[in-house]
Amino acid sequence: MQTQQDSFFDSKVLGHPSGLFVLFFTEMWERFSFYGMRVLLIQFLTAAVIGSNPGYGWDVVDATAIYGTYAMLLYVTPIFGGMIADKYIGYRWAVVIGSIIMTLGHGFMALNGINFFYLGLICLVLGTGFFKPNMTSILSEMYKKFPEKKDGAYTIFYMGVNAGAFFGMMLCGYLAEKIGWHWGFGLAGIFMLLGTLQFWLAKPLFGKIGEVPSKSNQTEETKAQLYGADEKPNPFSKLDIVLIVIMTLFGLGYALHDPIRIIGGIEIFPFSVGSLSGANFAAIFALVLFFFVVIKRMAGYTKVVRDRMIAVIIFAVFVVFFWMSFEQGASSLVVFARDNIDRSLEGTTKIIFDIVNGLLTIVPLLIITYVLFLLNRRTWNKIPMSNVVLAVCFIGIWGVALWMLNRELRSETSEITVSFFSTLNSFFIITLASFVSKIWDSKYNPPAAFKYGLGLIIMALGFGALFLGTNGVAEGVRISFIWLVVAYLFHTLGELCLSPVGLSYVSKLVPARMIAFMFGMWYLAIAIGNKLAALLGGQIENITKEYSLSYFFLIFTVVPIVMGLLVMALHPVLKKLMHGIR
């Protein structure tokens, strides 16, 4: 008897089930809206309150503090969204609910008014919590019986992520910077809504995939897979649950401290402990409780499993330092591109940029439109309205893209948008991911510690380029945009070395019964890295005044290199702790 998963392969596009490409486009439009908004946030908050395109006129420190909390919560809420989907509503409904909430968030941000802005950010955080973990869960369930095809499926899916990010930052950024901020926020919301609609209308293609699993279907075989042959159940005790609740409350209090202080003038933790502020004490207290629970639970596993979990914790520490530096791309590098990069275009420079910008826009759009054509041909009889909505999406994207290119071609002089530089990360990922993947599949595949070390060191070289580009430059003098292009190239190569392998090692090293908790820990490490990135990035103007701009970039050159060398030096220890896992 043919199962639902088997029947998926009756309708193929590029060798994969048509359902994969429905997920591809859903994720693409979500990333379009998410990154389209994200690239505007710091610019909008720090833009002058008067002028042709006014913002809120905040200082960089407060703007990055708000952004840091937003970015931190984006990695915390998916932990809870995944749990709710697993137990109550299923993956598919979670994706739809998350998409609707995010659409509302973009809609609020398209309106004028600070309260609408805050409400929009809240909706985006909550919506991401439902959406982010459950798209990959649907994908994983689709390929449960075809593990040999899963790597290829994730590669295609990853391309959708980066294609959406690329076009979102390019088009929303252009519209916001050239016409008005709220136009950029609004465009992001339109495609989020259409992406939700095309996913919902494609329901017949998925059957029961993504529905809530029945607890009665958990057979002894499933339980054996869950706990492993040599592991006994190690359920959370009442003390564990109480401590998790306490650490969550303190952690959320720390995350929300800056917005509530900046917006309402209220201190959540109005005390200090020695030289520590109340907020920092709360963060440290939550981390101490977290490690206590982890260590307590590790005692219930065999030595091999304990050692492997220790290895995951060590890797997580270095992940904090990586994202603390890498995520400067959403804070300090946005300010740097706006204030310190020569973005003017005229004469030959403008002609060259117009050609490059046209190719960067048109070629990817042609490729993705071709994929849409193939999907439509294979699924028109089954999900016609979903295909119609997708066609409307692409007509809209082509329209905005051609309008942008035509507007630039007709102008004699122009200026590169600040948002354009943020698209370089996605562009380099799309062009370089397969090359790096081939290295990992070859005999040159390095061990885990060296991948982490290379990721940190190569990413640091990008900041080294910015250090060289700004060193000795007089205040007020703008430098060539080539320095920033080189920086993003190295940042992306570093990301490709470290980021994709992170979750892979968690899944390899941690027993299934503990994997949800440890994935939560991993996302917590990324969340802390994002928060620290925003807090440190917010100091770019203060450090520049006190020392120099090159000194600021020197910090992010030296620290990751030191941490990269340290994790490489720990290779013998980590190899022993991993007990044969590569």
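**Exercise 1. How are helix 2 and helix 4 oriented to each other: roughly parallel or roughly antiparallel?**

Before starting, keep in mind that this is a predicted model.

*Solution.* Two packed helices are described by the angle between their axes and the distance between the axes, so let's get those two values.

- Step 1: helix 2 and helix 4 (residues 114-142) pack at about 150°, and their axes are 11 Å apart.
- Step 2: angles over 145 degrees count as roughly antiparallel, so helix 2 and helix 4 are roughly antiparallel to each other.
- Step 3: for the handedness, helix 2 passes helix 4 in a left-handed crossing.
- Step 4: now look at who is touching whom. On the helix 2 side the contact includes Leu-20, Leu-23, Glu-27, Arg-31, Met-37 and Phe-44. Across from them, helix 4 brings in residues including Phe-117, Leu-124, Phe-131, Lys-132 and Met-142.
- Step 5: sort the contact between helix 2 and helix 4 by class, and you get 14 nonpolar, 2 polar and 4 charged residues.

**Exercise 2. Work out how helix 2 packs on helix 12, and classify the angle.**

*Solution.* Same recipe, new partner.

- Step 1: helix 2 (residues 18-46) and helix 12 (residues 347-379) meet at an angle of about 135°, with 10 Å between their axes.
- Step 2: that angle makes helix 2 oblique to helix 12.
- Step 3: the crossing of these two helices is left-handed.
- Step 4: from helix 2, the contact draws on Ser-18, Phe-21, Val-22, Phe-24, Phe-25 and Met-28; from helix 12 it draws on Ile-368, Val-371, Leu-372, Leu-375, Arg-378 and Thr-379.
- Step 5: by class, that contact of helix 2 with helix 12 comes to 9 nonpolar, 2 polar and 1 charged residues.

**Exercise 3. Describe the packing of helix 3 against helix 4.**

*Solution.* The axes of helix 3 (residues 60-109) and helix 4 come within 7 Å and cross at roughly 40°. Angles under 35 degrees would count as roughly parallel, but this pair is oblique. The class count for the contact of helix 3 with helix 4 is 30 nonpolar, 13 polar and 3 charged residues.

**Exercise 4. Is Met-28 buried or exposed, and which residues does Met-28 touch?**

*Solution.* Start with the address: Met-28 is in helix 2. Buried means under 20% relative accessible area, so at 1% relative accessibility Met-28 counts as buried. Leaving out residues up to four places away in sequence, Met-28 touches Gly-160, Ala-163, Gly-164, Phe-167, Ile-368 and Phe-394. One of these, Ile-368, also turns up in the contact of helix 2 with helix 12. For a sense of the fold, try Ala-165: this residue is 137 residues from Met-28 along the chain, yet their C-alpha atoms are separated by 7.4 Å.

**Exercise 5. Sort out the pair Phe-322 and Phe-326: what kind of aromatic pair is it?**

*Solution.* The structure holds 40 aromatic pairs. In this one the ring centres of Phe-322 and Phe-326 are 5.6 Å apart and the planes sit at 15°, so the pair is stacked. The two residues are 4 apart in helix 10 (residues 303-326), which means about one helical turn separates Phe-322 and Phe-326. Both are buried.

While you're hunting for rings, note one aromatic cluster made of Phe-21, Phe-24, Phe-25, Trp-29, Phe-32, Phe-191 and Phe-394. Phe-394 is also among the contacts of Met-28.

**Exercise 6. Where is Ser-419, and what does Ser-419 contact?**

*Solution.* Ser-419 belongs to helix 14 (residues 418-440). With a relative accessible area of 0%, Ser-419 is buried. Beyond its neighbours within four places in sequence, Ser-419 contacts Val-39, Leu-40, Gln-43, Met-169, Gly-173 and Glu-177.

**Exercise 7. Place Tyr-56, Ser-140 and His-579, and give the exposure of each.**

*Solution.* Take them one at a time.

- Tyr-56 is in the loop between helix 2 and helix 3 and counts as partly exposed at 22% relative accessibility. Among its contacts outside the nearby sequence are Phe-44, Leu-45, Val-49 and Phe-117.
- Ser-140 lies in helix 4 and, at 28% relative accessibility, is partly exposed.
- His-579 is in the segment after helix 20 (571-578) and is partly exposed at 33% relative accessibility. Check its backbone too: phi is near 50°, a positive value in a residue other than glycine.

Definitions and conventions. Residues numbered from 1 in each chain as written. Predicted model: local features only at pLDDT ≥ 70, side-chain atom pairs only at ≥ 80, totals over all residues. Heavy atoms only, no water. Axes fitted to C-alpha atoms, helices over the stretch in contact; angles between N-to-C directions. Parallel < 35°, antiparallel > 145°, perpendicular 65-115°, else oblique. Left-handed = near helix turned anticlockwise from the far one by under 90°. Contact = heavy atoms within 4.5 Å. Nonpolar A, V, L, I, M, F, W, Y, C, P; charged D, E, K, R; others polar. Buried < 20%, exposed > 50% of the residue type's maximum accessible area, 1.4 Å probe, protein only. Phe/Tyr/Trp six-rings, centres within 6.5 Å; stacked < 30°, edge-to-face > 60°.
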